[in-house]
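Reader: I'm new to this. Could you walk me through this protein, one question at a time?

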Amino acid sequence: MLRGLLASEGYALTEVDDAARAAALIATGAPWDLVLLDLMLPPSGKPEEGLALLDQLLSAAPDLKVIAISSQVGRAGSPTTARTSACARCSAAGWRHSRW
């Protein structure tokens, strides 16, 4: 859904379907305007993996805009912990954020 919307507005998109591929893209140092980050991304589906990737983003590109999302709201132990951790990490890095 987001892909179609952004593509229809003329944005160039690069998609990855797991944390390893995302980390590899971050490591290239390529300039990104925005990252949509699924905190529960494959292969593990655990928020710790998404939060680790968020840490890599914070280290590699402090000015990068990141929207952290997840469709896994109903998973036990994930929503509140992931949300709180993501907001805390963004605040510690000086990022503005909105609680969702």
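**Salt bridges and core**

Author: Sure, and keep in mind that this is a predicted model. Let's start with one side chain: Arg21 has a relative accessible area of 46%, so it counts as partly exposed.

Reader: Which residues are linked with Arg21 in a network of salt bridges?

Author: Arg21 pairs with one acid where the closest N and O atoms are 2.4 Å apart. With another, the closest N and O atoms are 3.2 Å apart. That second partner is buried, at 17% relative accessible area. The residues linked with Arg21 in this network are Asp17 and Asp18.

Reader: Is Glu15 buried or exposed?

Author: Glu15 sits in the loop between α1 and α2, and forms a salt bridge with Arg3 in which the closest N and O atoms are 2.1 Å apart. Arg3 is partly exposed, at 47%. For Glu15 the relative accessibility is 53%, and the cut-off for exposed is over 50%, so Glu15 counts as exposed.

Reader: Which element gives the most residues to the largest nonpolar core?

Author: That core has 15 residues, and among those touching the most other members are Leu53, Leu54 and Leu57. Four elements each supply at least two residues: α2, β1, α3 and β2. The one giving the most, with 5 residues, is α3.

Reader: In what pattern do the helices and strands follow along the sequence?

Author: The protein chain has 4 helices and 2 strands to place. Read along the sequence, they give the pattern α-α-β-α-β-α.

Key. Residues are numbered from 1 along each chain as its sequence is written. This is a predicted model: local features need pLDDT of at least 70, side-chain atom pairs count only at pLDDT 80 or more; totals for chains, interfaces and linings use all residues. Side-chain values use heavy atoms; hydrogens and water are left out. A nonpolar core is a set of buried Ala, Val, Leu, Ile, Met, Phe, Trp, Tyr and Cys residues joined through side-chain atoms within 4.5 Å. Buried means under 20% relative accessible area, exposed over 50%, partly exposed in between (1.4 Å probe, protein chains only). A salt bridge is a side-chain nitrogen of Lys or Arg within 4 Å of a carboxyl oxygen of Asp or Glu.
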